[in-house]
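Work through these short exercises on one protein model. Each task is followed by its solution.

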Amino acid sequence: MNRILLFTEYRNGMLTKGSLENVVKAKKLAFISQSKIIVVSARQMTDNDQKLVYGYGADKIIIFKFKQGNPNNLRMLTDSFCDLIEMYQPWLVLFCAADFANDMACRVGIRMGFPVMANCLDLYVDENDVKIVYPDDAGEYMITFQVNRFPAVVTLNQGIMKLPDHPLLRFAPKPDYIEVNRESSMKFQKIEEQAYKNLDIRDAEVLIACGRGIGGEKGIHLAEKLASLLHADLGTSRANVDEGLMDKEYQIGLSGKTVKPRCYIACGISGAMHHVIGMNQSEWVMAINVDRNEPIFDVADVGVIGDLTAILPRLIKELGLPAD
C-alpha cells in the first residue's frame, strides 16, 4: 500500500496552519497515487485538531508520548520518526518549511538515506512524474525539478496551499499512541517560546513591509506608527533582519514567510524575486520607493515614487497621528 507520512508542527501550543496545508497537499497527491495519509505529531492533539486533520484528508493519526525527555529533543524525535518510516515504508515524507521541521527533515533524510528537498514552493504530479518547484539560489527564477529517487523528504513553505473554507465531516478514529522510551544525553533546562506582537503575520489582513530603503530604525518607527493607524501588522525583507533591525519572525520571502493579505504596503522594498515569492498572492499591493525602476512596481497595483522620510510622515499626518 502506498503511504505518505506527514509530520505536524505546533507553535505556541497551536497546530500550525502550514501543517494543515500539508495535509491538503498530501490529499491531492494521495488521490493521484492511491496513497494513505499518516499524520504524526509529537504533541497531544486536541479533539478539534484531530477533526481538522481528518477533515482535510488524513487517514490515520499517530501521537508520540514521551515518558522522559522532551518532544523538542531532535535526536529522540528523529529516532522515533525513523522507526515509523521503517514500519510504514512511505514513498513520501512531508514536513513544514520551518526551522525546527527543516532541521528534523535533514536529520531524517541523512539517517534513512533519502533525498531531501527543503523550502519548496510546490509539489505535484504531472503525467505520473513527481515534480517540485523551487527558486534558484539568487531567487530570480522558478525552477521545476523532477524527483527521480524515492522515498523522498520534502519541506513545503506555508501559504502555498489554500485551505478549504470547511473541512469535510468525517469519522475521526482515535489516534494511535506510541510511547517513546529512548534515553538521550541531551538534557533540557528550560524552553521558552518568544512572544511577538503579531503572533503570525501570515494571518494578517493588512501588512506594511519594510525594506532596506526604509532608512533604519527611524523609518521602521514611522512604519510602526502607520501600522497602528491602519490596524496593520509589520513585516520586513531580509535586509533588516540581517542588520538586526527586525526579528526573523517578521521576514517575508523565500527564506521567511509567505503572506496573502488583502492589502500589502511595501516601503523601501526593491522587489527581488526571493521577496516577491512571499507576497505576490496579496490582493492589493501599494509600493513606495524612491527608485522608479525597482521591480516591486511590476507587481504593485499602486506605485508611489518618492522619499519615504517625506511620504510616511505625510500619510501619518493625514490619518491623524503626529509623526514625531
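**Exercise 1.** Is histidine 231 buried or exposed?

This is a predicted model: local features need pLDDT of at least 70, side-chain atom pairs count only at pLDDT 80 or more, and totals for chains, interfaces and linings use all residues. Residues are numbered from 1 along each chain as its sequence is written, and side-chain values use heavy atoms, with hydrogens and water left out.

Step 1. Take the cut-offs: buried is under 20% relative accessible area, exposed over 50%, partly exposed in between (1.4 Å probe, protein chains only).
Step 2. Histidine 231 has a relative accessible area of 73%, so it is exposed.
Step 3. Histidine 231 lies in the loop between helix H5 (216–230) and strand S14 (233–236). Helices (H or I, at least four residues) and strands (E, at least two) are DSSP runs, numbered from the N terminus.

**Exercise 2.** What is the phi of histidine 231? Classify asparagine 119 as well.

Step 1. Most residues other than glycine have a negative phi.
Step 2. Histidine 231 has a positive phi, near 55°.
Step 3. Asparagine 119 also has a positive phi, about 55°, and is not a glycine.
Step 4. Asparagine 119 sits in strand S7 (residues 116–120). Its relative accessible area is 23%, so asparagine 119 is partly exposed.

**Exercise 3.** Which residues does the cis peptide bond with omega of about 0° join?

Step 1. Most peptide bonds are trans.
Step 2. The cis bond joins phenylalanine 150 and proline 151.
Step 3. Proline 151 is in the loop between S10 and strand S11 (152–156).
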